[in-house]
Amino acid sequence: MLQNYLVSRQRTVDKALNAFLPKASVKPATIHRAMRYSLFAGGKRLRPILCLAAAEACGGEVERALPMACAVECIHTYSLIHDDLPCMDNDDFRRGKPTCHKVFGEGIAVLAGDALLTIAFEILAQAKAPARYGMSALLQELAVAAGSRWLIAGQVADLEGEGKKTSPRQLQFIHESKTAALLTSSIRLGAMSANAPAKKLEDLTVFGKALGLAFQVIDDILDVTQTSAKLGKSAGKDVSAQKATYPSVFGLEHSRKEADRLTKAAHAALKPFGEKAAALSALADFLLERDY
Ligand code: GRG
């Protein structure tokens, strides 16, 4: 049931992304091929799907939320391309395929990331702004989440923390910034596209923060418990790079309990939405139970 929902949503998002992106033949073709290579390499489309489900939970339409959904996926893919570069995590494998720099070279991979970051705002700017939230509010929402106080702040803390002892507080900061902020923003943008009133936006923000943290705790657990083939990226990377993770700071058992606790907190935030949040609720359970 959820599997059908996910596949159908992935198709909707992929079709929209395909329409928003310049064709692979557009000059200079190399950059458009590289952007498309990473964007269509087989990501789960989790952030755009959450964005669309948040819009529906607030009584909105999928069509209207699609530019927001595609914009966050472009930001996410840019961050993965740059994170995989030799000067960052130096990874050869992502979304089950060789990383962008392995196929196109480092220079083009840097530029493909830059171009995806930029096009995210071009796509978002094509959205129809709802009554309560003007275009500047939508653009600011995404810019802040992707900027130096959140997504990039998390990456900086991650880089600077390698090989050092990390406190639980610092670990939470890394996870909130690197992962939960963009995930929360995806959900908020979906709600904003549906013209959600302040209280609903706040409830979904609480949901997003708890879900985003749970997602990263699970990601940390999977890095030590799953194979590279299953994950579509190099497993065991966190340990070899001496990264700060939930299992390394708290142990596996405590990490699983923490993911459970956070998922329960996420569900609690959905209570006021009733049946309208059925998809968000099912997605939260799926993320907790996933094995890839
Ligand atoms: C700004 C360069 C730069 C990096 C920002 C997001 C990030 C920090 C780095 C990417 C690598 C990483 C471990 C991110 C944490 C979030 C995460 C678990 C990403 C993977 O997300 P999935 O599982 O991936 O949704 P798919 O491929 O399915 O989209």
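In this predicted model, the ligand takes up the space of the largest pocket. Two or more residues of the shell around the ligand come from each of the elements α4 (62-84), α8 (151-161), α9 (168-193) and α10 (198-225). Of these elements, α4 gives the most to the shell, with 6 residues. When the shell is divided by class, 7 residues are charged, 7 are polar and 5 are nonpolar.

There are 19 residues around the ligand, and those that come nearest are Lys-44, Arg-47, His-76, Asp-83 and Arg-95. Among them, Lys-44 places a polar side-chain atom 2.6 Å from an oxygen atom of the ligand. For His-76, an N or O atom of the side chain is 2.8 Å from an oxygen atom of the ligand. Arg-95 likewise has a polar side-chain atom that lies 2.8 Å from an oxygen atom of the ligand. On its own, the ligand has 710 Å² of accessible area, of which the protein covers 93%.

Arg-95 also has a notable backbone conformation. This residue lies in the loop between β1 (93-94) and β2 (97-98), and its phi is near 50 degrees, a positive value in a residue other than glycine. Most residues other than glycine have a negative phi. Because its relative accessible area is 14%, below the 20% limit, Arg-95 is classed as buried.

A positive phi is also found at Asn-195, where the angle is near 60 degrees, again in a residue other than glycine. Asn-195 belongs to the loop between α9 and α10. With a relative accessible area of 24%, Asn-195 is partly exposed.

A further backbone feature is the peptide bond between Lys-27 and Pro-28, which is cis, with omega at about -5 degrees. Most peptide bonds are trans. Pro-28 is located in the loop between α1 (2-20) and α2.

The loop between α2 (29-39) and α3 (46-57) contains Arg-45. The relative accessibility of Arg-45 is 3%, and the residue therefore counts as buried. Its side chain makes a polar contact with the side chain of Asp-14, at 2.7 Å.

Lys-230 is part of helix α11 (residues 228-231). A relative accessible area of 40% makes Lys-230 partly exposed. In sequence, Lys-230 and Lys-97 are 133 residues apart, whereas their C-alpha atoms are 12 Å apart in space.

Methods
Residues numbered from 1 in each chain as written. Predicted model: local features only at pLDDT ≥ 70, side-chain atom pairs only at ≥ 80, totals over all residues. Heavy atoms only, no water. Near = heavy atom within 4 Å. Polar contact = N/O pair within 3.5 Å; in protein donor to acceptor, adjacent residues only side chain to side chain. Areas by Shrake-Rupley, 256 points an atom, 1.4 Å probe, with all protein chains shown as cover. 1 Å grid on protein atoms, 1.4 Å probe; cavity = no way out; pocket = protein on both sides within 12 Å on 5 of 7 lines; lining within 4 Å. Sits in = over half its atoms within 2 Å of the grid points. Helix = DSSP H or I, 4+ residues; strand = E, 2+ residues; numbered from the N terminus. Nonpolar A, V, L, I, M, F, W, Y, C, P; charged D, E, K, R; others polar. Buried < 20%, exposed > 50% of the residue type's maximum accessible area, 1.4 Å probe, protein only.
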